[in-house]
Amino acid sequence: MGEMGFNAGGGVINWFPGHMAAATRAIRQRLKVADFVIEVRDARIPLSSANADLQPQLSGKRRVIALNKKDLANPNIMHRWTHYFDTCKQDCVPISAHSKGSVKKLLDLVEYKLKEVISREPTLLVMVVGVPNVGKSALINSIHQIALSRFPAQEKMKRATVGPLPGVTQDIAGYKIAHQPSIYVLDTPGVLVPSIPDIETGLKLALAGSVKDSVVGEERIAQYLLAVLNTRGTPFHWKHLNNRRMEGIRYESEEKNEYNLKNLKPKRMNPPNKSDVVYIEDLVMEVQRALYLSLTEFNGNIEDEGDLEGLIDQQFGALQKALKIPHKASEARLMVSKKFLTLFRTGKLGPFILDDVPHVEHRS
């Protein structure tokens, strides 16, 4: 993928704001006294969303890897990832940070792993770490709600700031989530390694939202997503999901509707109503159908860089029509990219895992 000209005009992706460099130093100090670490990663990129800089220090701590956003990840592949971490003798739990049931399972594991420490320590410190936008703050908020329901006498805690953009939580803040013994959870800013080892890792992080779109460029991210979908043959899978609709039989909503896809993003105030849902479903089907037809009619070699780039250019035109973007729009490709990425990031194109499961040698 990295040979496809994704480097052109951009070079190696670097996204390391000054406040994050300072946060890294503070995290290293707190890790020394932490009794337990919850490392949050994006379930769609279980390896690419790891912080390589902190791994040596993290591997020496009691730790669980929380693969967040499991609802956006392919469940058929997720079990292979949990098996992979199991073979590496690393505790791993797929979670959805907004689901209390999911977070309770994570906390149960944390408490179980802390049992041997609880007997001799009156105060325990749990750190939550991870790269930007993997859901650390959302997890902290769910932990607070659970803790307050368990310990209603506890002073009301401030919620951690939650935002959809990488790097929103800038200050390290500590919260008491339990007593007897006292357990504190520290929420930390996401810390990404100063330079990403290869362009594809950077593009995966950008696609998942851990690197700001403005750093990489929406069009380059959308090109990468199309390259992944095409080389994996994903549009052929969409064909099998719903043959009738893919053949062009559409179910019209009761009234003409224009729903702003931005409202699909977390914490938006306008959730879709019934008519909006039908509109979104039809839009998604048009997008899937456009990509399926373009890949079906493609006569080139998908493994040839030039052929794949030609297919992707053709698909941008097909997506512009499917997404109902005015033909003469001067920034049509940018508008296509933004809407296409929103559909992917909100799971409307289906669950997906971008990282390949590493091969693990079995020793006899």
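Here is a walk through this structure, from its strands and helices to a few side-chain details. Keep in mind that the model is predicted.

Let's start with two strands. Strand β1 covers residues 36-42, and it runs parallel to β4, with 4 bridges between them. If you want a spot to anchor your view, pick Val37, whose bridge partner in β4 is Met127. Strand β4 itself spans residues 123-129 and is mostly covered, with 6 of its 7 residues buried.

From β4, move along the chain to helix α5, residues 136-150. This helix has 15 residues, and from first C-alpha to last it reaches 21 Å, close to the 21 Å expected at 1.5 Å a residue. How many of its residues are buried? For α5 the count is 11 of the 15, so the helix is largely enclosed by the rest of the structure. The buried set begins with an unbroken run: Lys136, Ser137, Ala138, Leu139, Ile140, Asn141, Ser142, Ile143 and His144 are among them, and Ile146 and Ala147 belong to the set too. Note that Lys136, Asn141 and His144 are in that list alongside residues such as Leu139 and Ile140.

Ser142 is a handy place to stop and look around, since it sits in helix α5. It has a relative accessible area of 5%, so it counts as buried. Leaving aside residues up to four places away in sequence, Ser142 touches Ala97, His98 and Val103.

Helix α6, residues 199-208, is another mostly covered element: 9 of its 10 residues are buried. Those buried residues include Ile199, Thr201, Gly202, Leu203 and Lys204, and the list goes on with Leu205, Ala206, Leu207 and Ala208. What do the buried residues of α6 pack against? Their packing partners are β1, α7 (213-216), α8 (218-232) and α13, which brings us back to the strand where we began.

You can look at α6 from another side by going to Ser48, in the loop between β1 and α2 (55-58). Ser48 is buried, with a relative accessible area of 11%. Once residues up to four places away in sequence are set aside, Ser48 touches Thr201, Lys204 and Leu205, as well as Asp355. Thr201, Lys204 and Leu205 are all listed among the buried residues of α6.

Now for the aromatics. The structure has 5 aromatic pairs. In one of them, the ring centres of Trp81 and Phe85 are 6.0 Å apart and the planes meet at 35°; that angle falls between the 30 and 60 degree cut-offs, so the pair is tilted. Both residues belong to helix α3 (residues 75-87), and being 4 residues apart there, they are separated by about one helical turn. That spacing makes sense: an α-helix has 3.6 residues a turn, so residues three or four places apart point the same way. Trp81 is buried at 0% relative accessibility, and Phe85 is buried as well, at 4%. Add Tyr84, and ring pairs link Trp81, Tyr84 and Phe85 into a cluster.

Elsewhere, Phe344 and Phe352 form an edge-to-face pair, with 6.0 Å between centres and 75° between planes. Phe344 is buried, at 4% relative accessibility, and so is Phe352, at 9%. There is also a charge over a ring to look at: Arg333 lies over the face of Phe316, 4.0 Å from the ring centre.

Pro358 takes us back to the aromatic cluster. It lies in the segment after α13 (332-345). Is Pro358 buried or partly exposed? With a relative accessible area of 27%, Pro358 is partly exposed. Setting aside residues up to four places away in sequence, Pro358 touches Leu47, Trp81 and Tyr84, and both Trp81 and Tyr84 are members of the ring cluster. The link spans a good stretch of chain: Pro358 and Arg80 are 278 residues apart in sequence, yet their C-alpha atoms are 9.8 Å apart in space.

Last, the cysteines. How many disulfides turn up in the whole structure? The search finds 0. As for individual cysteines, Cys88 is partly exposed at 38% relative accessibility, whereas Cys92 is buried, with a relative accessible area of 16%.

Note on methods: Residues are numbered from 1 along each chain as its sequence is written. This is a predicted model: local features need pLDDT of at least 70, side-chain atom pairs count only at pLDDT 80 or more; totals for chains, interfaces and linings use all residues. Side-chain values use heavy atoms; hydrogens and water are left out. The expected span of a helix is 1.5 Å times one less than its number of residues. Buried means under 20% relative accessible area, exposed over 50%, partly exposed in between (1.4 Å probe, protein chains only). Rings of Phe, Tyr and Trp (its six-membered ring) pair if their centres lie within 6.5 Å; planes under 30 degrees apart count as stacked, over 60 as edge-to-face and the rest as tilted. A charge sits over a ring if NZ of Lys or CZ of Arg is within 6 Å of the ring centre and within 35 degrees of the ring normal. A disulfide is a pair of cysteine sulfur atoms within 2.5 Å. Contact means heavy atoms within 4.5 Å. Two strands pair if DSSP finds at least two bridges between them.
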